[in-house]
Amino acid sequence: MKKIGIFYGSTTGTTESVARLIAEKLGVNASSDVYDVGKMTADLAGSYEALILGTSTWGDGELQDDWYDGIKVLKGLNLAGKIVALFGCGDSESYPDTFCDGMGIIYENLKESGCHFVGAVPDAGYTYSSSVAVIDGKFVGLAVDEMNESDKTDKRVTEWTDMLKADLA
């Protein structure tokens, strides 16, 4: 399996918990390869063959605060050929019109970087009205709603990580 680094932006701890669950399902060492994006450096991110990037969505569809610097770091790297998978946490009941927009913002910022995105997920089975993270009926990565659908998180993460394993081999 490729060397995987997981970077998350988490204000309340939800996205961090999902990042650690993803690490567990992929067999990634949580103590050495899972990071708060606030600790991201170009050397650290560049040392991985594959990046799994996670964020929550805040306010009116805004990126989690720590990601603003994280995006700058990633945009300064040569990501050509690097595998990138995204996951996002959102609240589809209270914010149905900006559900997981943070994940879509990361995608928009990196889509011209030359990286290879993997892990798009069909939006069937999700309840929301709008999301910049959806392209052609698929989320650009794994969408998680711990606020309203926590009972679906483990299954969604398991299915997603099983799908990713082929791309990360």
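**Helix packing in a predicted model**

Let me begin with one pair of helices: α4, which covers residues 67-75, packs with α5, residues 101-110, at an angle of about 25 degrees, and their axes are 10 Å apart. Angles under 35 degrees count as roughly parallel, and α4 is therefore roughly parallel to α5. The crossing in which α4 passes α5 is right-handed. On the α4 side the residues involved are W67, I71, L74 and K75, and they meet I106, N109 and L110 on the α5 side. Sorted by class, this contact has five nonpolar residues, one polar and one charged.

I should say early on that what we are looking at is a predicted model. For the protein chain the average pLDDT is 95, and 100% of the residues score at least 70. Within the chain, confidence is lowest in strand β4, residues 62-63, where the mean is 90, and highest in strand β10, residues 142-144, where the value is 98.

Staying with α5 for a moment, how many of its ten residues are buried? Seven of the ten are, and the helix is mostly covered. The buried residues of α5 are D101, G102, M103, G104, I106, Y107 and L110, and among them I106 and L110 also take part in the contact with α4.

As a general reminder, two packed helices are described by the angle between their axes and by the distance between those axes. With that in mind, let us turn to a second pair, helix α1, residues 14-26, and helix α6, residues 150-168, whose axes come within 9 Å and cross at roughly 50 degrees. At that angle α1 and α6 are oblique to each other, and α1 passes α6 in a right-handed crossing. From α1, the residues V18, L21, I22, K25 and L26 meet a set in α6 made up of T153, D154, V157, T158, W160, T161, K165 and L168. By class, this contact of α1 with α6 has seven nonpolar, three polar and three charged residues.

One residue of α6 is worth following here, namely T161. Is T161 buried or exposed? Its relative accessibility is 1%, and because buried means under 20%, T161 counts as buried. If we leave aside the neighbours within four places in sequence, T161 is in contact with I22, K25 and L26, and those three residues belong to α1.

A second residue in α6 is L164, which also has a relative accessibility of 1% and counts as buried. Which residues does L164 contact, once its neighbours within four places in sequence are left aside? They are I52, A85, V118 and G119. L164 and T55 lie 109 residues apart in sequence, and the distance between their C-alpha atoms is 18 Å.

Finally, I would like to move from the helices to a loop, the one between β3, residues 50-58, and β4, where G59 is found. With a relative accessible area of 38%, G59 is partly exposed, whereas T161 is buried. Again leaving aside neighbours within four places in sequence, G59 is in contact with Y95 and T98. Along the chain, G59 and Y95 are 36 residues apart, while their C-alpha atoms are separated by 8.7 Å.

Definitions and conventions: Residues numbered from 1 in each chain as written. Predicted model: local features only at pLDDT ≥ 70, side-chain atom pairs only at ≥ 80, totals over all residues. Heavy atoms only, no water. Axes fitted to C-alpha atoms, helices over the stretch in contact; angles between N-to-C directions. Helix = DSSP H or I, 4+ residues; strand = E, 2+ residues; numbered from the N terminus. Parallel < 35°, antiparallel > 145°, perpendicular 65-115°, else oblique. Left-handed = near helix turned anticlockwise from the far one by under 90°. Contact = heavy atoms within 4.5 Å. Nonpolar A, V, L, I, M, F, W, Y, C, P; charged D, E, K, R; others polar. pLDDT = per-residue confidence, 0-100. Buried < 20%, exposed > 50% of the residue type's maximum accessible area, 1.4 Å probe, protein only.
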